[in-house]
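User: I have a model open and would like to go through the terms used to describe it. Could you take my questions one at a time?

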Amino acid sequence: MQYEAIMGLEVHVELATNSKLFCCCSAKYGAGANENVCPACSGMPGLLPVLNKNAIELGIKAGLVTNSEITGKISFDKKNYFYPDLSTGYQITQLFSPICKNGWVEIETKSGTKKIRLKQIHIEEDAGKLVHMAGSSSSMVDYNRASVPLTEIVSMPDFRNSEEVVAYIKKLQSLLVYAGVSDCKMHEGSMRVDINISVRVADGESGNFYNKPLSEIIPMLGTRIELKNLNSFKAIVNAIEYEKERQIEALETGYEELVQETRGWDEEKNMSFSMRNKEDATDYRYFPNPDIMPVIIDDEWIEKVRESLPELAHQKFARFVKQYQLSEYDAKILTENKRLSEIFEEVTGYCKNIGDAALSVPRSDEGVAPYIAKEAANWLMVELLNLVKNDGKEIEDIEIDCKKIAKLIELVLGNIINRPSAKEIFIKIYRENIDPERYIKENNLSMISDNDILYKACEEAIKEDPDGVKKYKNGNAKVLAAFVGSVMRKMKGKANTAIVNEILKEMLDKM
Amino acid sequence: MKIAIDDNILIKDEICTAGSKMLYNFKSPYSATVVDKIKAAGMEIVCQSKIGEFGGETARDETKTAAYAVSNGLADTALGIDVDGAAYRSAIKNNVIYIKPTYGTVSRFGVVANVSSVDQIGVYARNFDDGFKVLEVIAGYDKNDGTTYPTEKYEYNADLVDIKSLKSIDSPDFKLNDYLASVYCIISAAEFSGNIARFDGLKFGYRTENFKSYDDIVINSRSESFTTGTKIKSLMGTYVLSEEQFEKYYLKATKIRRLIKQELDEIFKQYDVIILLPCYKAVTLANLTGCPAIIVNGKLIIAKEFDENKLFALGKSLLRGGI
Amino acid sequence: MVNLKILESLSKINLTDDEKNKASEFFEFWTEKFDMLENIDTENIEPLVTVSPLVNVMREDISNKMVSREKLLENAPEQNDGYFVVPRILE
């Protein structure tokens, strides 16, 4: 029996506002406990909610970048339940009139392009945070996060595997970060992913789900489990794989009964576990909040917001290809992450001075020459991304001096240093913010460009290895690398390998 | 001008109990907008008058109420919201006048919320000149209350109205008369239950000593401090909003509320003021529709939104005998 | 008959036996009246949530501090190091 997993995602993102959704407290991350709290968001009596206009506009932006319909008249509702992190005893959300509907997001996987349909996007308040004290029966409550604006993006059950889920989340991050809606940092909690997953017999029907509304799909699905608290891509992938297996096994063996429930993910034990959900099976008694007046979003307002959207990823991608003549592959990687694209442009901005005296290349008045852009792209796509990844960091969190990188590029392209040295310097810039020129001087890394010295070293290397010469003459071109290595050792690494290569080849060919 | 302020209108650094054991020790960290306005106008707050829990029901000690204070000269005027007719009844009992302004003219910022779509701070006084003078001070747009109209300042002037031309009607036929009480009960219970959910013994106020779990703290703090009336009202609110009853009761009531408003508006096309006996139905009509109302000579008189001047003029003439 | 137990649980309120009797009476009285509401035709009538006709009441996205943390925690039955303390939480 073949089974398939059907998944839908509920993604919460914190909106990038200055203040909270319904009060003037700061919405910024990182303050001390209850520093960003006022009588309103800590549930004291007598306060009234006053809606943050920017939150609505960011909601509209989220709708625009996801091709959604923007609802013409929206209002806010009370969702009632008791929990310590909910200071007023209700969460203000949008049940009856979500701000956006029926959008979609295009993703790319190994299997090609796919459209993920969105059911809706709505705006709601976040809750505070509960901190459990170790070795104590007490808990501590911090309302800093209470009433911070969230958008919840609800997808249709259009996902079939973890690759699609990861691609979707990355795409959402790109769309929302570029639009300025949220910084989407999973590790900081400004993006939270919940996955609804069920399994069913792979009877070929699920291909038709993409044309069906939710009401027709749901009866065709198995028992739905909600996976929560997935804080990283790794957790998401592992949790999906584990849960799929668990559900299939349950169906096949009957040892475990599948119940509709919420499950958390234990990264250490690598398993999901049942959560006693605070919201399990309770009647929320939603009703419209009479203190908040409806918001009419007309076409004029939508257009104004649309015009205020900054350059989006796909627009930047097209521009990078055209302006810098980068390959689509390179442009894609550079623009996937907004910060990376900004670093790239800052570096190439400083590189505009390269290319006249230093390299005898005609200076392009329109900006940086394509081969320089390519050089910058390579350093960022390969070296920088690797460093960031190995440090376990996000590119948004690092500081890097783009002027120094531009300088490094100038030195490499000008043959002042060779690539292995450049790599070493790049790492030093990243870690210690060293000045490349000073570092080169202090460590004597300048390449020897005096050809006489190079010729002499090449002659020596050839003389020392007659066998190697024979091999080369017999057609073994690979042995050239050994000669180059030998010369580099003699030069203590301070030679341009490309030039050495040329000289050796010239000499060997003449022999 | 000496003013008494009901205990559910918050005054910074004062203990404001809203008549409830739940808030027996609540020292308010901020003042209601109307309190700031009163102070800025140089008026003297002489006392915090007592109310029943959250304004409903009567205060235990009637000699501490706003209407009593005004009646006996302890204060010239007093501020208080009407909950389920309690203010109207108290005004009549103490032989003072009461003015409830159009919904949205006076800020509710700093008022312990009861029925959000109904609550309005009204004024108790011995005469209408005093009453409307105070109303002028407290009325006006407040950025902290999203339900206030954008009008910065209201001016009330009885002389602008020609009494003789006022068309009034006594207890008119009202098609939806039999449904007024139900609609009001449903909506007020629903909103009230939502508004008191914040009282859980965690952040402020009364906390039970009787608990083994978080649930215990919440349940017992609430149960040990709320009056029976509050508890039952809250349960009713929960009931009419529950999944099974929502459409039949809450949603239905809000739709009929629109019909009630429409029917009232029809009457106001022909008449300027409606004179009613202040029974529960009259109270619900005045409060559900947000229309301005006055209590004078044992009657409840309502006018169209923003027609306070008509009530001012009529009230003055009815009261020419004085109190 | 209305299930008071569920309502008590949802409202986080416990009634005494005497209160339960009063509540039952209250519910019986009012639900009978409520049921009459279905006599009114409300087809195509929009609910009236608030009598105010205002729309688009919003504020600019500016943050400011209303009260200090000390003042905020002044009324807390229990606090520790800037946090509200909740004894005996679940989980």
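Analyst: Happy to; we can go from the chain contacts to the shared sheet and then to the domains. Please keep in mind that this is a predicted model.

User: Let's start with chains B and C. What makes C:K71 and B:D13 a salt bridge?

Analyst: The rule asks for a side-chain nitrogen of Lys or Arg within 4 Å of a carboxyl oxygen of Asp or Glu. Between C:K71 and B:D13 the N to O distance is 2.8 Å, so the pair meets the rule. Across the interface of chain C and chain B, 6 salt bridges are found.

User: Which elements of chain C supply at least two residues to the side that touches chain B?

Analyst: They are α1 (4-11), α2 (17-34) and β3 (83-87) of chain C. The most comes from α2(C), with 9 residues. By class, that side of chain C has 31 nonpolar, 8 polar and 13 charged residues.

User: How many residues are in contact there, and what area is buried?

Analyst: Contact here means heavy atoms within 4.5 Å. By that cut-off, 52 residues of chain C are in contact with 65 residues of chain B. The area buried between the two chains is about 5200 Å², with 70% of it from carbon and sulfur atoms. There are also 17 residue pairs in polar contact, both residues at pLDDT 80 or more.

User: Now chains A and C. Why do A:E35 and C:K65 count as a salt bridge?

Analyst: Their N to O distance is 3.7 Å, and the limit is 4 Å, so the pair qualifies. The interface of chain A and chain C has 2 salt bridges by this rule, along with 19 residue pairs in polar contact. On the side of chain A that touches chain C, the elements giving two or more residues are β2 (51-52), α1 (53-65), β10, β11 and β18 (295-296) of chain A. Of these, β11(A) gives the most, with 5 residues.

User: How do you know that β11(A) pairs with β3(C)?

Analyst: Pairing requires at least two bridges between the strands. Here 4 bridges join β11(A) to β3(C), so the two strands count as paired. They run antiparallel, and A:M140 stands opposite C:V85 in β3(C).

User: What is the strand order of the sheet, and why are β10 of chain A and β2 of chain C called edge strands?

Analyst: The order is β10(A)-β11(A)-β3(C)-β2(C), an open sheet of 4 strands with antiparallel pairing. As for the edges, β10 (129-132) of chain A and β2 (79-80) of chain C each pair on one side only. The partner of β10(A) is β11 (residues 138-142) of chain A, joined to β10(A) by 4 bridges. Within that pairing, A:L130 has A:V141 as its bridge partner.

User: What makes A:E163 and A:K110 a link between distant parts of the chain?

Analyst: Their side chains meet in a salt bridge at 3.8 Å, N to O; the limit is 4 Å, so the pair is accepted. A:E163 is in helix α2 (residues 162-179) of chain A, whereas A:K110 is in the loop between β8 (104-109) and β9 (112-125), 53 residues apart. The whole structure has 56 salt bridges over all chains.

User: Lastly, how is chain A divided into domains?

Analyst: Chain A has domain 1 (3-303), domain 2 (311-442) and domain 3 (451-510). The centres of domain 1 and domain 3 of chain A, taken over C-alpha atoms, are 62 Å apart.

How values were computed. Residues numbered from 1 in each chain as written. Chains lettered and ligands numbered in written order. Heavy atoms only, no water. Domains from an automatic or database assignment. Buried area = accessible area lost by both parts, 1.4 Å probe. Polar contact = N/O pair within 3.5 Å; in protein donor to acceptor, adjacent residues only side chain to side chain. Nonpolar A, V, L, I, M, F, W, Y, C, P; charged D, E, K, R; others polar.
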